[in-house]
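User: Walk me through this one feature by feature, please. Give me the general idea each time, then the case at hand.

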Amino acid sequence: MEPDDVADAYRRRLLSSLHVQPGLDQDEDPGSLQIFVNHECVGAMECDEATHAVASITQPRAIQTVEIRTASGRLIGSLCAQDLRMKMARLPVGDHVLEISIHNRVDGGSVQVTYHAAKLTMKQATSAIKDAHPKTSRPVMPSRFAQSVWSNVTMMGRAGFAVAILFLVADRLSDRIGPASHSEPPVPPVTVLPHEAAVSEKAMARQEEVLIRVMQAQETAMRTLQAQQQMLARAHQAIEGLTRGQLQLTDRVGRVSLQMAQLDEAARVGRAGLGRIDTLAKAERGAKQAAVTLAQAMPADLSGTLPAKVAELTTLSPGSFPGITDSTRDLPTLAPFTFWMSFQENTPEKSIQDLIQEIHGRTGQINAGWYNVEVNLPQSQTPDLFVDALKKMTIVKSVTTSLKTTSAR
Amino acid sequence: MVDRRDVTARLSQLVMTVDEYERLMTEALPHLLNHATTQTRRFLRETGQWGDDVCHEKLALRWGYELVERFLMYGRTEIPCRPLFFLDSLIAKYFSQPEPFCYDKELLSPLGRFLEGLTSRAVISRDALMALFYHLYGFGQSQVAKVLGLGTTETQRVYKNFERWRRSGWQRAVDEVGITREDLMEIESHKRRYPDQFHAEADRLSRIVQAHYRKSEPEHFPCLSRQQWAHLFKEGYGYDYRVWHLALCRDCLSEVCDVHQDDSQDVLTPQLDLRIRPLLNGRLVESYHSVDH
């Protein structure tokens, strides 16, 4: 046989297999149904002689496809979900019914497969329901809300319709049976002819059959309604979860934005402060160099006569310089500023201390009524503005920076 | 040509009802199979796995067939839809999986295709899965029941599966993977004339195939240690796991047989002993089309 013929023969064989469409072959007893999620076998559902079997599978991944196969591998039902949503299908498998429901969430998905075996007495009723609603497996709607609401409305309508039929049938039955049971006025015995009795029996049997069908339809509708309600509740839960998650996310984003703004500000201040440190370090190095030169130039025995400040400067190290150390530590927000101020006469010491405390000042020497004060000024406030503000205080007499300053300044 | 264009146009239009869909599918099946086969061929070409020979053509046909089979079922629940677009989306999604097919040049030989077809069928058919114990190791019903530790009920079910597989399952699997009567005769002839070579080749190829298809198992079905297997059998749980995993993992099967031997049970150590045809009523299924499909 030529290669092309082999391929053609194989193609014909496959086409003939496809013509026996999956799911329509009713000969095989369902038996053990295999459930495949995303093309992986995740379990089996025993349907032998059972009227109702349910399998629920939850997975940490989103569920894209669900396939139901018989033990021989025949595909009898499937459903695919393209994205995060709920989807449900009711598939006839011979006289039986297979319900597949997929519920995908952000954190995974779940599948519920329900098998309803057809009882012998229910076969007609089931087929009647299927005939009445052959397109129940129309799961694609623009949104899941619309789907749920529409399904609920449809189910409610069906239930209402079934109840109405039930009422009409019951009414007719009561019309027939009522007069017989409520025979208050004595009624002469009526001879019922045999053929009339047979007709009546037939009618009754027909009525009974209709009633059974209606009841079964109603039962099915109620079951579907309950399932829809459960799914609606799940959808609400999922939406609530999403809303909560969104709120938390918004909150976190806000906080992160705030932190980023603060970090930007700190970085800007840090860059300015680094320039200031350079200046301070240069000044310190200059002062130290000058002091060392001075100390070297002086005789040893005169060192005791040096001014205290100069002596202090000769032993300075960059780390022990209070201004530099503090400014380095507090650099991102504050800069030290030392000044002298005098107060009006007869100002109580307590008022003076209160003011110094108010401006977060640190007092140093007091020289002839002049108080040496050091404060940490925010970068946004210049020393001049600060001095002007101080001068406006009623108890302040005068403020100056020139009387005595730290060597750093 | 005009017909084909007409069918293509109709497949691209919106189908609104199940009846309309099924009518269209019946008419368009050859076209759908061609379309899926062409897409599969293109995928194989683009991934450097194509060769212009009948083996590759059969592979493309087979995988195209499997895609169309799924499409026919999925489509019913996707109405209203444009069937051709939906088929394309299914194909694209399937090909986007890591290693969607078990492709190896060595698997293109009749023996390779037989082993690959048998194992791929076992992934979707429980009957074929159970039958793997027979085809690979020659285990009969009682031996399978012992190895898997099955109870009476499960054993009866296995027996039913064996029977169904013997009567129709094997033939259908062989047909659908494209194994011809000549292929079967070639495999059997090779086995008869060069048993050692045949055994070595079957051993190697079956490991490749099993490793590929075992990946489709759920994540919580890994290989177990000897102690874990012993515990599983002692406590009597994980029946699905035993069947699935042991049919597709020779190393674990050997571990389990050792565990049973430690418990003084009369269980054979699994040795690859490839059986091509199933036994039906005590004799091999000889005639290619002698059994019902």
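Analyst: Let's begin with strands: two of them pair if DSSP finds at least two bridges between them. Helices (H or I, at least four residues) and strands (E, at least two) are themselves DSSP runs, numbered from the N terminus. This is a predicted model, where local features need pLDDT of at least 70 and side-chain atom pairs count only at pLDDT 80 or more, while totals for chains, interfaces and linings use all residues. On naming, residues are numbered from 1 along each chain as its sequence is written, and chains are lettered from A and ligands numbered from 1 in the order in which they are written.

User: Which residue is the bridge partner of A:Val97 in β8(A)?

Analyst: A:Val97 is matched with A:His116 in β8(A). That bridge fits into a longer run, since β7(A) and β8(A) (residues 108-116) are antiparallel over nine bridges.

User: In what order do the four strands of that open sheet lie?

Analyst: The general idea is that strands of a sheet pair through backbone hydrogen bonds, either parallel or antiparallel. Here the order is β3-β8-β7-β6 in chain A, with antiparallel pairing. The edges are β3 (52-59) and β6 of chain A, each pairing on one side only. Neighbouring strands are turned by 10° against each other on average, direction ignored, with axes being lines fitted to C-alpha atoms (for helices over the stretch in contact) and angles running from 0 to 180 degrees between N-to-C directions.

User: What joins β6(A) and β7(A)?

Analyst: They form a hairpin with two residues between them, and A:Gly94 in the turn has a positive phi of about 65°. The two strands, with β7(A) covering residues 96-105, pair in the antiparallel sense over eight bridges. In that pairing A:Leu91 stands opposite A:Leu98 of β7(A).

User: How many of the eight residues of β6 of chain A are buried?

Analyst: Burial is a neighbour count: a residue is buried if 20 or more other C-beta atoms, placed from the backbone, lie within 10 Å of its own, exposed if 12 or fewer, and partly exposed in between. For β6(A) (residues 86-93) the count is eight of eight, so the strand is largely enclosed by the rest of the structure. Both faces are covered, with A:Met86, A:Met88, A:Arg90 and A:Pro92 buried on one side and A:Lys87, A:Ala89, A:Leu91 and A:Val93 buried on the other.

For the opposite case, take helix α7 (residues 349-358) of chain A: the number buried among its 10 residues is zero, so it lies largely in the open. Just after α7(A), A:His360 has a positive phi of about 55°.

User: Which four strands of chain A form the β2-β1-β4-β5 sheet, and with what pairing?

Analyst: Those four strands make an open sheet in that order, and the pairing is antiparallel. Its edge strands are β2 and β5 of chain A. The average turn between neighbours, direction ignored, is 20°. β1(A) and β2(A) share six bridges, and A:Ser32 is bridged to A:Glu46 in β2(A).

User: How many residues does each chain bring to the contact?

Analyst: Residues are in contact if their C-beta atoms, placed from the backbone, lie within 7 Å. Chain A brings 37 residues and chain B 36. On the chain A side, α1 (3-19), β1 (32-37), β2 (40-46) and β5 (75-80) each supply at least two residues. α1(A) gives the most, with 11.

User: At what angle do α6 and α8 of chain B cross?

Analyst: Two packed helices are described by the angle between their axes and the distance between the axes. The axes of α6(B) (residues 126-137) and α8(B) (residues 152-176) come within 8 Å and cross at roughly 100°. Residues that meet include B:Met130 and B:Ala131 in α6(B), and B:Phe162 and B:Trp165 in α8(B).

User: What is the mean pLDDT of chain A?

Analyst: pLDDT is the predictor's confidence in each residue, from 0 to 100. Chain A has a mean of 71, and 63% of its residues reach 70 or more. Among its elements, helix α6 (residues 322-329) has the lowest mean, 37, and strand β4 (residues 65-69) the highest, 91. Over residues 290-332 of chain A the pLDDT is below 50. Where pLDDT is low, the predicted coordinates should not be read in detail.

Terms used:
Contact = placed C-beta atoms within 7 Å.
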